[in-house]
Amino acid sequence: MLIGEVSRRSGVSARMLRHYESLGLVRPSDRTGSGYREYSAEDIRRIFHIESLRSLGLSLREIGRALDDPGFTPAALVGDLVRQTRERIAAETELLTRLRRIDAADPADWQDVLQVVALLQALGSQSAAARQRAALSSVDVVPAPVEALVEAALGETDPHVAGALRWALARSGDSGPALLAEGLASPVAAVRARAVQCLAVMPGGEATTHLREALTDPDAGVRGHAALALGTRGVAEAVPVLVDMIVAGRNDTDAADALSTLANGTATADRIAAGLVGRLPHTTADAPARGRLTQALAGIPGTTAARALVELSHDEDRAVALTAAYLLELRAGR
């Protein structure tokens, strides 16, 4: 079979077939009387083998080794190809993400593009100071892509940088809560906690909805951050978690303040007081917890809290009794 027919049947150009021949990958079995290359069925099979290996990403040199070295084992080479392909995909994915974020910033000219690129690089800097400056400048220069701010905030461990990123997110627009909600699905509790802390500073009902979802998080710290944020928003669903925090002594002062803020109506105040009082029998052997529950009643108005303090003023634990008596005096003087 002549080279033109081989090219037509194999889909490999005549020029490439000649290149294969120059490298020694394919050697036509014969030539016609006029000197034209003539390929056998075995030659054509080898061409198809070459094309198959090329489709896996092997170089022509590697293909020659694979086809001609009887001792060649493909395992190591295929393993290298897997690694190289993964690295290439990761690099291309990173580039695609960067391009999408630049596009989301809606740059007006190349100067804007360069500023966004510089901002994205600074957000990923090893320097906490550089990351903080980037977060603080993201509002005033070219608006930072919200997705980039969210990614940075969810991964930030420096408290100063984290605060700056939350500040930037609070001013970033309406897409932040949905992106942060994805962080609530992270298997890492610390990431979920950062997502909640960011949602806490974002206005609007969508952020509140996601904070409500975080009240059932398996991690007590995440639940606590969500409850404190919801307490400032007047969401009574946070009460049980806030009471748990007081019993456990985890941010108990902040939790008591949040309960005091929530107790803005008689019904809510009585419900909160009942929740605090209801935990007292379970803390008989835990004097510090009883003390914290007693102190939390100080900020709760209404008759339920008052009656509870009267009873606690006769508590067997002297510290609890004295605290309750003192709080009753303060209430009487109001």
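Which residues does Ala170 touch, not counting residues up to four places away in sequence? In this predicted model, the partners are Val201 and Pro203. Ala170 itself belongs to helix H9, which covers residues 159-170. Its relative accessibility is 24%, so Ala170 counts as partly exposed. Thr32 lies 138 residues from Ala170 along the chain. The C-alpha atoms of these two residues are separated by 79 Å.

The overall architecture frames that separation. The protein contains 19 helices and two strands. Its radius of gyration is 35 Å, well over the 20 Å that the globule rule gives for 334 residues, so the protein is more spread out than a compact globule. The C-alpha trace spans about 120 × 50 × 35 Å along the principal axes. Of the 334 residues, 39% count as buried. Contacts were also sorted by sequence separation. Among those between residues at least 6 apart in sequence, 52% join residues at least 24 apart.

A second pair of residues was examined in the same way. Ser13 sits in the loop between helix H1 (3-10) and helix H2 (14-23). With a relative accessible area of 37%, Ser13 is partly exposed. Ser13 and Asp112 are 99 residues apart in sequence. Their C-alpha atoms are 46 Å apart in space.

The nonpolar interior was considered next. The largest nonpolar core has 75 residues. Leu242, Leu259, Leu276 and Ile300 have the most contacts inside it. Apart from this core lies another, of 17 residues. Val6, Tyr20, Tyr39 and Leu53 are among the members of that 17-residue core. The surroundings of Ile300 were then listed, leaving aside neighbours within four places in sequence. Ile300 is in contact with Leu259 and Leu276, both named above for their contacts inside the largest core. Other contacts of Ile300 include Ala263, Ala269, Ile272, Ala273 and Ala305. Ser260 and Arg331 also touch Ile300.

Leu242 leads to helix H14, where it is one of the buried residues. H14 comprises residues 239-248 and is mostly covered. Seven of its 10 residues are buried. Besides Leu242, the buried residues of H14 are Val239, Val241, Val243, Met245, Ile246 and Val247. What covers them includes helix H13 (220-232), H15, helix H16 (266-279) and H17. Just after H14, Gly249 takes a positive phi of about 75°.

Burial was also examined at His210. This residue lies in helix H12, residues 205-214. At 11% relative accessibility, His210 falls under the 20% cut-off and therefore counts as buried. Not counting residues up to four places away in sequence, His210 touches Pro177, Ala178, Ala181, Leu184 and Leu199.

Rolling a probe the size of a water molecule over the atoms shows where empty space is left. The largest pocket has a volume of about 300 Å³. Helix H5 (74-104), helix H6 (110-123) and helix H8 (146-155) each supply at least two residues of its lining. H5 gives the most, with four residues. The lining comprises Glu94, Thr97, Arg98, Arg101, Leu120, Gln121, Leu123, Gly124, Ala148, Glu151 and Ala152. These residues divide into four nonpolar, three polar and four charged.

The second largest pocket holds about 160 Å³ of space. Helix H15 (252-262) and helix H17 (287-296) are the elements that give two or more residues to its lining. The largest share, five residues, comes from H15. Lining residues of this second pocket are Ile246, Asp252, Thr253, Ala256, Asp257, Ser260, Arg292, Gln295, Ala296 and Gly299. They divide into three nonpolar, four polar and three charged. Several names recur here. Ile246 lines the second largest pocket and is also a buried residue of H14. Ser260 lines the second largest pocket and is in contact with Ile300. H15 and H17 supply lining residues to this pocket, and both are among the elements that cover the buried residues of H14.

How values were computed
Residues numbered from 1 in each chain as written. Predicted model: local features only at pLDDT ≥ 70, side-chain atom pairs only at ≥ 80, totals over all residues. Heavy atoms only, no water. Buried < 20%, exposed > 50% of the residue type's maximum accessible area, 1.4 Å probe, protein only. Contact = heavy atoms within 4.5 Å. Core = buried A, V, L, I, M, F, W, Y, C linked by side-chain atoms within 4.5 Å. 1 Å grid on protein atoms, 1.4 Å probe; cavity = no way out; pocket = protein on both sides within 12 Å on 5 of 7 lines; lining within 4 Å. Points joined across faces, edges and corners; volume = space filled by probe spheres on them. Nonpolar A, V, L, I, M, F, W, Y, C, P; charged D, E, K, R; others polar. Rg over C-alpha atoms; globule rule 2.2 N^0.38 Å.
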